[in-house]
Amino acid sequence: MEEDRFSWWVRRLRRAQDLFDEFRIDHFRGFSGFWAVPSEAKIATLGRWKVGPGSSLFNAIFRAVGNINIIAEDLGVITEDVVQLRKSIGAPGMAVLQFGFGSDSANPHLPHNHEKNQVLNYLSVSVDDDISWALIRAAVASVAQTSIIPMQDILGLGSSARMNIPATQSGNWGWRIPNSMSFSSMDTQAKKLRDMLSMYGRL
């Protein structure tokens, strides 16, 4: 890809610019270093780390496309070289609120470890209403510049309204707000959410 100045990436992100104000690039750590497994290998442990394209890819993109708003999905085992690459292109990283609970206080997904230049995913749609609103409050209280809240939890819907169930091949990404639902009937939820957003400076 580098031989043709990453033209596939350039076309892809140029098209994304037509559709979105900002967009997430998944598996960002692979641009710094990735685990390569030979095609004939029977198990994935028979691989080795290889150096990714790094800044040369993003320099080519910025030259061809201009200033774009990338969100770096930097979840998983993240080493310092990945952090430095993300910072060098000015992209916010990610945290997932629910990943923060169940380990020690150094967990990067816990609210007190969030960074301003981050996008916080909240990830629920499977807990009861009281817990949902507690998580929503924690998410909007975060210092992360952007906090994403599932509409399903604001509406108090259960796990049947989940957007995605990992490791399943069908039935995902199909949930939509029902046509029968009227936003005028959501005054209670709207006030609760607005009060939270006002308290934490997100209006």
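Helices, taken as H or I runs of at least four residues, and strands, taken as E runs of at least two, are DSSP runs numbered from the N terminus. With those labels in hand, a walk through this predicted model can begin with the loops.

Take the stretch between α5 (151–154) and α6 (187–199), which is where Trp173 sits. Trp173 isn't a glycine, yet its phi is positive, at about 60°. Its relative accessible area is 55%, so Trp173 is exposed, the mark to beat being 50%. His27 shows a similar kind of backbone angle: its phi is near 55°, again a positive value in a residue other than glycine. This histidine belongs to the loop that runs between β1 (23–25) and β2 (33–36). With a relative accessible area of 60%, His27 is exposed.

Back in the loop between α5 and α6, there is also Arg162. This arginine is partly exposed, with a relative accessible area of 29%. Its side chain reaches the backbone oxygen of Asn164 at 3.1 Å. Arg162 and Gln152 are ten residues apart along the chain, and their C-alpha atoms are separated by 7.6 Å.

Now for the inside. In soluble globular proteins, nonpolar side chains tend to be buried together. Here, the largest nonpolar core has 21 residues, and the members touching the most others are Phe28, Phe31, Leu57, Phe58, Ile61, Ile68 and Ile70. At least two residues of this core come from each of α1 (7–19), β1, α2 (55–65), β4 (70–72) and α3 (80–88). The top contributor is α2, which gives five residues. Phe31 makes a handy example of what goes on in there: leaving aside neighbours within four places in sequence, its contacts include Trp9, Ile25, Leu57, Phe58 and Leu85. Gly52, Pro53 and Gly54 are also among the residues in contact with Phe31. Apart from this core lies another one, of 18 residues, including Leu120, Tyr122, Val140 and Leu155.

Nonpolar residues turn up on the outside too. Trp35, Val37 and Trp49 make a nonpolar surface patch of about 320 Å². Of these, Trp49 lies in strand β3 (residues 48–51). At 52% relative accessibility, Trp49 counts as exposed.

Charged residues come next. Side chains of opposite charge can pair when their charged atoms come close. The model has five salt bridges in its count. One of them joins the side chains of Arg24 and Asp26, with 2.6 Å from N to O. Both partners are partly exposed: Arg24 has a relative accessible area of 44%, and Asp26 comes in at 36%.

Another salt bridge brings together Arg86 and Asp74, this time with 3.3 Å from N to O. Arg86 lies in helix α3 and Asp74 in the loop between β4 and α3, so this pair ties together parts that are twelve residues apart in sequence. Both count as buried, because buried means under 20% relative accessible area, and Arg86 has 5% while Asp74 has 15%.

Arg86 has a second partner as well: Glu115, with the closest N and O atoms 3.7 Å apart. Glu115 sits in the loop between β5 (93–96) and β6 (118–121), so its pairing with Arg86 in helix α3 ties together parts that are 29 residues apart in sequence. At 36% relative accessibility, Glu115 counts as partly exposed. Put together, Asp74, Arg86 and Glu115 are linked in a network of salt bridges.

Methods: Residues are numbered from 1 along each chain as its sequence is written. This is a predicted model: local features need pLDDT of at least 70, side-chain atom pairs count only at pLDDT 80 or more; totals for chains, interfaces and linings use all residues. Side-chain values use heavy atoms; hydrogens and water are left out. Buried means under 20% relative accessible area, exposed over 50%, partly exposed in between (1.4 Å probe, protein chains only). A nonpolar core is a set of buried Ala, Val, Leu, Ile, Met, Phe, Trp, Tyr and Cys residues joined through side-chain atoms within 4.5 Å. Contact means heavy atoms within 4.5 Å. Patches are made of residues with over 30% relative accessible area and no salt bridge: like charges are joined within 9 Å, nonpolar side chains (Val, Leu, Ile, Met, Phe, Trp, Tyr) within 5 Å. Accessible areas come from the Shrake-Rupley method with a 1.4 Å probe; for residues, only the protein chains shown count as cover. A salt bridge is a side-chain nitrogen of Lys or Arg within 4 Å of a carboxyl oxygen of Asp or Glu. A polar contact is a pair of N or O atoms within 3.5 Å; within protein, one must be able to donate a hydrogen and the other to accept it, and residues adjacent in sequence count only if both atoms are side-chain atoms.
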